[in-house]
Amino acid sequence: MIREFASMVGKRWIKNGLISSEYYECYVYGIELIVSQILGISIILLLGAITGTHLNAVVFLVVFILVRQYTGGYHAGNYLSCNIIFSLSYIVNMLIVARNEINLFILVAFTFTIGIGTISIIGPCTHKNKRIEETLLKANKTKSLVLYVVCCLISVCIASSHQSLALTIVVTLLQIIILMIIGKIKEGS
């Protein structure tokens, strides 16, 4: 569905002289990514609105997108699987937050330790088809470590006044680490 829509837009752009036909596949791929990302974000925001956890949904999206762009991790084989996994991540996150029986500070300490170790050892995780140069890998590792630490600190700072949001941050960080590990396992490293 997304591919067909992107192809239709790409063909229309060629017909209208907006792009050259030699760049058609690049534009179609870019459109696919944009549409898939908009769809995934929309699903999370809709789930947040339906469940009354809209602020948690926004926090989940900000942390997930911001940190994961530098850590990398598991990549689904197609857009449907990607959006299903992304949506399930949010649903699992909200189920954990709703239980709220977890000692937040112990979870932060555990998540912090596991996260820093994982990012330091295997991060960032790249996709086999999207290799990046060594200097960018080092920069992404540094950025992901800094963002991870900052998010952990924010969760601790807001824990007394916004426990649900603090827990959302920590669980999201833990999910990112799990996706990194799954990505490395899938890659065979």
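**E32**

I started with E32 and placed this residue in helix α2, which covers residues 24-51. The model I am reading is predicted. I then looked up whether E32 is buried or exposed. E32 counts as buried, because its relative accessibility is 6% and the cut-off for buried is under 20%.

Next I asked which side chain E32 meets in a polar contact. The partner is R3, and I noted 2.7 Å for the contact between the two side chains. I also listed what E32 touches once residues up to four places away in sequence are set aside: I2, R3, A6 and Y79. R3 therefore appears in my notes both as a polar partner of E32 and in this list of contacts, with the cut-off for contact at 4.5 Å between heavy atoms.

**Nonpolar cores**

I turned to the largest nonpolar core and found 34 residues in it. The members that touch the most other members are I44, F60, V63, V67, L104, Y148 and L173. I checked which elements give two or more residues to this core, and wrote down α3 (54-71), α4 (79-99), α5 (104-122), α6 (134-158) and α7 (163-187). Helix α7 supplies the largest share, 12 residues.

I found another core lying apart from this one. It has five residues, and A6, V9, V28 and I31 are among them. A6 was already in my notes as a residue that E32 touches.

**F60**

I picked F60 from the core list for a closer look. What does F60 contact beyond its neighbours within four places in sequence? I recorded I44, F86, S89, Y90, N93, T168, T172 and Q175. I44 is also on the list of core members that touch the most others.

**Whole chain**

I looked up the secondary structure and got seven helices and zero strands for the protein chain. Along the sequence, I read the pattern as α-α-α-α-α-α-α. I noted a box of roughly 60 × 40 × 25 Å for the C-alpha atoms, taken along the principal axes.

Of the 189 residues in the protein chain, 38% are buried. For the exposed surface I have about 10900 Å², with 69% of it supplied by carbon and sulfur atoms.

I then looked at contacts with a separation of 6 or more, and found that 75% of them are between residues 24 or more positions apart.

My last entry concerns charge. The protein chain has 14 positive and 8 negative charges, and I noted 2 Å between their mean positions.

Definitions and conventions. Residues are numbered from 1 along each chain as its sequence is written. This is a predicted model: local features need pLDDT of at least 70, side-chain atom pairs count only at pLDDT 80 or more; totals for chains, interfaces and linings use all residues. Side-chain values use heavy atoms; hydrogens and water are left out. Helices (H or I, at least four residues) and strands (E, at least two) are DSSP runs, numbered from the N terminus. Buried means under 20% relative accessible area, exposed over 50%, partly exposed in between (1.4 Å probe, protein chains only). Accessible areas come from the Shrake-Rupley method with a 1.4 Å probe; for residues, only the protein chains shown count as cover. Lys and Arg count as positive and Asp and Glu as negative; His and the chain ends are not counted. The place of a charge is taken as NZ of Lys, CZ of Arg, CG of Asp or CD of Glu. A polar contact is a pair of N or O atoms within 3.5 Å; within protein, one must be able to donate a hydrogen and the other to accept it, and residues adjacent in sequence count only if both atoms are side-chain atoms. A nonpolar core is a set of buried Ala, Val, Leu, Ile, Met, Phe, Trp, Tyr and Cys residues joined through side-chain atoms within 4.5 Å.
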